[in-house]
Amino acid sequence: MTASIAQAPTALDDAIIRSAEATLETVGRAREAIHTVIFGQEDVVDLTLITLLAGGHGLLVGVPGLAKTKLVETLGIVLGLDARRIQFTPDLMPSDILGSEILDEGADRRRSFRFVKGPVFAQLLMADEINRASPRTQSALLQAMQEHHVSVGGERHDLPQPFHVLATQNPIEQEGTYPLPEAQLDRFLLEIDVGYPTRDAERRILIETTGADEHKPLAVMNAEALMNAQRLVRRLPVGESVVDAILDLVRSARPEGDGIDGVTDKILWGPGPRASQALMLAVRARALIEGRVAPSIADVVALAEPVLKHRMALTFSARADGESIRSVIGRLTSRLAG
């Protein structure tokens, strides 16, 4: 990562530039600390950091054994967040994650209800194999993700700040799972594909994780520093050309939108305005961690797939013809790249 912010527009507030410089340096050290434990997976780490800097939730999709759980644990340590993990199973109940009220009896023998917080009361929550939970439990988590509070016994309980959910999902083992409803998928800022490591990265994994000593990541940030970075991301300027590129992309991904020939008729349903909001925040965060104070159209192209692919569905005929969400998004972004 570069140690300084690229040349900024002269009209940009000097305070924003100074804050961006400091944030860039801190995020750079956080990335280095993460990579002392997570080998390879540079794109996955960057997309996860973009998700957190943009103030959103992320869905990590990959086969078992690719360090998804390790990544979330490491993020909690490096970012100085209170991190907890929930292993989702079909018999998990909403009260198991939200908490419940218990009846207490005091010394004066008076009885009263006391709320015992569940594991959702964390700053960074790992929802492991989220698609194994029943729809009822998924709905409970949905409220927490969207509203940052839970309701138990008619009482509202606010969640810690910041609050982020990083969920994992196994794409190959679907027996005994409950596919996430579209309403909940839409709450995830990015869907992040976690692929197999390169040969060099896997060699390093073999050497450094099978010895007697285990490397521990160091804390680089804290919750307040992360929230300051999130506020900075929302202050970064976005040019009209980038705004138009976001609108063109999202609207062209809808069946009745401003699409292109041979693509629109393949889309069953497409992204709503929340996708535009997600792109607007994510491109700012990507620009920041790459040393820029303003995003470009290249950022829109790079983030189009993780923002859109879980917010779209193809028609049956398109799937029968061998089309995929990835290929359709690629055709939509080719207009922007050109």
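## Two domains and the contact between them

The C-alpha centres of domain 1 and domain 2 lie 25 Å apart in this model, which is a predicted one. The contact between these two domains draws on 25 residues from domain 1 and 21 residues from domain 2. Along the chain, the domain assignment gives residues 12-235 to domain 1 and residues 237-337 to domain 2.

The size of an interface is often expressed as the accessible area that is lost when the parts come together. By that reckoning, domain 1 and domain 2 bury about 2,200 Å² between them, with 67% of this area on carbon and sulfur atoms. On the side of domain 1, the residues that lose the most area to domain 2 are Ile-50, Asp-186 and Glu-191, which together account for 24% of what that side buries.

Charged and polar pairings also belong to this interface. Four salt bridges are counted between domain 1 and domain 2, and Asp-186, already named for the area it loses to domain 2, has its side chain in a salt bridge with that of Arg-274, at 2.5 Å from N to O. Across the same interface, nine residue pairs are found in polar contact. The elements that each supply at least two residues to the side of domain 1 touching domain 2 are the helices α1 (14-35), α2 (42-53), α6 (182-185) and α8 (223-235), together with the strand β9 (188-193). Sorted by residue class, that side of domain 1 comprises 14 nonpolar, two polar and nine charged residues.

Turning to annotation, an unreviewed UniProt entry places the feature "domain: ChlI/MoxR AAA lid" at residues 268-327. In the model, the chain over residues 268-327 is 62% helix and 7% strand, and its end C-alpha atoms are 15 Å apart.

Two details of the backbone deserve a separate look. Most residues other than glycine have a negative phi, and most peptide bonds are trans. Gln-41, in the loop between α1 and α2, has a positive phi of about 55 degrees although it is not a glycine. The other detail concerns the bond joining Gln-161 and Pro-162, which is a cis peptide bond with an omega of about -5 degrees; Pro-162 is found in the loop that runs between β7 (155-158) and β8 (164-169).

Terms used. Residues are numbered from 1 along each chain as its sequence is written. This is a predicted model: local features need pLDDT of at least 70, side-chain atom pairs count only at pLDDT 80 or more; totals for chains, interfaces and linings use all residues. Side-chain values use heavy atoms; hydrogens and water are left out. Domain bounds come from an automatic or database domain assignment. Contact means heavy atoms within 4.5 Å. Buried area is the accessible area (1.4 Å probe) that two parts lose on being put together, summed over both. A polar contact is a pair of N or O atoms within 3.5 Å; within protein, one must be able to donate a hydrogen and the other to accept it, and residues adjacent in sequence count only if both atoms are side-chain atoms. Helices (H or I, at least four residues) and strands (E, at least two) are DSSP runs, numbered from the N terminus. Ala, Val, Leu, Ile, Met, Phe, Trp, Tyr, Cys and Pro count as nonpolar, Asp, Glu, Lys and Arg as charged, and the others, Gly among them, as polar. UniProt positions are given in the numbering used here, feature names are shortened, and annotations may be inferred rather than shown by experiment.
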